[in-house]
Amino acid sequence: MRLYLRILRYLGPYVAVFLGAVAASILFAAFDAFSMVLLIPFLSVLMTPEAGASSGVGDGMLGRLLDATAGRFVAGAAGPQDAVQALILLILAVFAVKNVFDFLKTWLAARVEQGVTRDLRNQVHDHLLELDLVFFGRTRIGQIVSRLTHDVELVRTLFTREFMRGISAAFEVGAVVVLMVAVSPSLTLLSVAVLPGMVVIWGPMLKKLRREDGRVLDQAAEVNARIQETFSGIRLVKGSAAEDYERGRFHALTGRYFRTFLRTERVRALAAPVTEMVAALGTIVILWYGTRLVLVQGDLTGPAFMGFVALSTKLYRPVKYLSRLPAMIQPALVGGRRLFEYLDAPAAIRDRPDALPFPGVEREVVFDRVGFGYREGSPVLEDVSLVVERGAMVAVVGPSGAGKSTLVDLLSRFFEVTSGRILIDGTDIRRFRLRSLRAMMGIVSQETVLFHDTVRANIAYGLPGAGAREVEEAARAAGAHEFIEALPGGYDTVVGERGAELSGGQRQRLAIARAILRDPPILILDEATSSLDIASERRVQRALDRLSEGRTVFVIAHRLSTVQRARAIFVLDGGRIVEAGAHDQLMRAGGLYCRLHEMQSGSPAGGHRIPEVVAARG
């Protein structure tokens, strides 16, 4: 119930529209039931013309209602034929008004459900953007996509096909029962006697359905995640000739989803025919007892009984729906629970209440005994201390897994240090506002991120005010202008998903142009030139040299030849700084840096050149 109420809170901004839908539902239910009651005067005129239009319903509420409507409508009729025609027109008018309210309740309900689902999807999406990389490291992207699409759609059905229909059904039951009582209280009592049985049928099934619906959604999310992972890595799949392997994995997954879904629907479908039989039993009882009231006891006229039977057919459909409603909303509730799991996920990295705007670097960046681990007990960095002066270019090198990329990720606060602190001009970076800090950093990594958008939009990403001239200047500085101009649409060329229409070197130069356009005081180059050929690398390196003037630059290098001009080189191994100094100093020391350099440039002992893959990124 608490979960359901939490979902219903999203109705807040749409209360007026919702109440309009409820009012339309009430009026629809009233006119729908009344359209059946009009059969009584119609049959009276048809079967016993001399009795009048309201014969057989007494002087109660219903009798007065029929006198005020059908009775007056046929008052001036010349004969039975004219009276029947007048009643037909009245019934047609009632149906027309009923359908107007049917349209209004459906349209207003659609406005509510679309507004609610839009707000819910936006809120989940916006909250996910605030979460840190730890969350995304343990959560598959396919799972996120499934919850933002499939699960939100399930919640949407809660507000239309289920919630609003449930309200409408409740009003229909109320309107029909009121008119049935007006025709015959005893028959009404007999009719509703079977209704508890229809409700009880679903009771034992709800717990099972709740469990199985959760499994269905989990399986659906797994299918989405598998699709996303397979086609994101399609190059690897084809390069490994693993199509048959992926077919087998996907078919096994869809097979489990198929079996789970059918098992759930079997339970849900079982109750429908059972409740149908209960309704049929109620109708049989009404027919048996009603004929006794008409033929034996004379307490009810034939037209009134036929009108009652018509009303009873209007009763069982909404009651049947209401009896199944608890089971029908289970998938939506499970989907809502899964969405709220994301909404309730805490953002581990957030601004302090007294956070300050980041003013830039005036003196230095200091790592003071920094330690970090993705998991407790498994440190990636331990006791790392270094000082980087403003405007200096420093390099971080080391073997694979040494923690190089992690070190600069801590500077951007993608992760928080687990011990020690990082200071900029003496202020702990945790004192600065996150967006303010990151806005002052230009990051170019080996894994270039481009969106399915134009070249211009990708270079100016995050800078909506950047003009065409500024974008072009940044592209020229990055050595990208020539190849961009050669594209079919120039700067308006759409690069495809993840930049699929470009080569690796072209994607890298766009990422560098993006960083140049931001003009940040801190540059982080995480193997930024690793995908470039020698000529392109030289052009970009010259651009980066110009960009680096007056800025603090952290370089993580794959090719050690690119860091020789760095003011200081920090060598990481096993999460610790084992060497530090300029290139010449480190080469003379003969330590790890010297060995890595020799492995890339050619070993004096063996005389063989070794491919530059040993000092991979950390």
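Modeller: A residue counts as buried when its relative accessible area is under 20%. The model discussed here is predicted.

Biologist: Why is Ser-35 called buried?

Modeller: Ser-35 has a relative accessibility of 2%. The cut-off is under 20%, so Ser-35 counts as buried. Ser-35 sits in helix α2, residues 15-37. Beyond its neighbours within four places in sequence, Ser-35 is in contact with Val-94 and Phe-95.

Biologist: What makes the pair of Ser-35 and Asp-32 a polar contact?

Modeller: A polar atom of the Ser-35 side chain lies 2.5 Å from the backbone oxygen of Asp-32. The limit for a pair of N or O atoms is 3.5 Å, and the value of 2.5 Å falls within that limit.

Biologist: Phe-28 is also in helix α2. Is Phe-28 buried or exposed, and what value decides that?

Modeller: The relative accessibility of Phe-28 is 9%. Buried means under 20%, so Phe-28 counts as buried.

Biologist: Which residues is Phe-28 in contact with, leaving aside neighbours within four places in sequence?

Modeller: Phe-28 is in contact with Lys-98, Phe-101, Asp-102, Lys-105, Ser-168 and Glu-172. Phe-28 and Glu-172 are 144 residues apart in sequence, while their C-alpha atoms are 8.1 Å apart in space. For the protein chain, residues 24 or more positions apart account for 77% of the contacts with a separation of 6 or more.

Biologist: Why is helix α14 described as largely enclosed by the rest of the structure?

Modeller: Helix α14 covers residues 404-411, and 8 of its 8 residues are buried, so the helix is largely enclosed by the rest of the structure. Charged and polar residues are on that list too: Lys-404, Ser-405, Thr-406 and Asp-409 are among the buried residues of α14. Just after α14, Arg-413 takes a positive phi of about 55 degrees.

Biologist: What joins the side chains of Asp-526 and Ser-405, and how do you know that?

Modeller: A polar contact of 3.0 Å joins the two side chains; the limit is 3.5 Å. Asp-526 lies in strand β7, residues 522-526. Asp-526 has a relative accessible area of 5%, so this residue is buried as well.

Biologist: How many cavities of 30 Å³ or more are there?

Modeller: The count comes to 2 cavities. The second largest has a volume of about 40 Å³, so by the cut-off of 30 Å³ or more it belongs in the count.

Biologist: What makes up the lining of the second largest cavity, by class?

Modeller: The lining has 5 nonpolar, no polar and 4 charged residues. Leu-410, Phe-415, Val-417, Ile-422 and Ile-429 are lining residues of the nonpolar class. Glu-416, Arg-421, Asp-428 and Arg-430 are lining residues of the charged class. Leu-410 is one of the buried residues of α14.

Biologist: Which residues have the most contacts inside the largest nonpolar core?

Modeller: Ile-459, Ile-484, Leu-510 and Ile-569 have the most contacts inside this core of 41 residues. Helix α19, residues 504-518, gives the largest share, 7 residues. Not counting residues up to four places away in sequence, Ile-484 touches Val-455, Ile-459, Ala-475, Gly-490, Tyr-491 and Leu-510. In soluble globular proteins, nonpolar side chains tend to be buried together.

Biologist: What share of the residues of the protein chain count as buried?

Modeller: Of its 618 residues, 48% count as buried. The secondary structure of the chain comes to 22 helices and 10 strands.

Conventions:
Residues are numbered from 1 along each chain as its sequence is written. This is a predicted model: local features need pLDDT of at least 70, side-chain atom pairs count only at pLDDT 80 or more; totals for chains, interfaces and linings use all residues. Side-chain values use heavy atoms; hydrogens and water are left out. On a 1 Å grid over the protein atoms alone, a cavity is a set of points where a 1.4 Å probe fits but cannot get out, and a pocket is an open set with protein on both sides within 12 Å along at least five of seven lines; lining residues have an atom within 4 Å of a point. Grid points are joined across faces, edges and corners, and a volume is the space filled by probe spheres set on the points. Buried means under 20% relative accessible area, exposed over 50%, partly exposed in between (1.4 Å probe, protein chains only). Helices (H or I, at least four residues) and strands (E, at least two) are DSSP runs, numbered from the N terminus. A polar contact is a pair of N or O atoms within 3.5 Å; within protein, one must be able to donate a hydrogen and the other to accept it, and residues adjacent in sequence count only if both atoms are side-chain atoms. Contact means heavy atoms within 4.5 Å. A nonpolar core is a set of buried Ala, Val, Leu, Ile, Met, Phe, Trp, Tyr and Cys residues joined through side-chain atoms within 4.5 Å.
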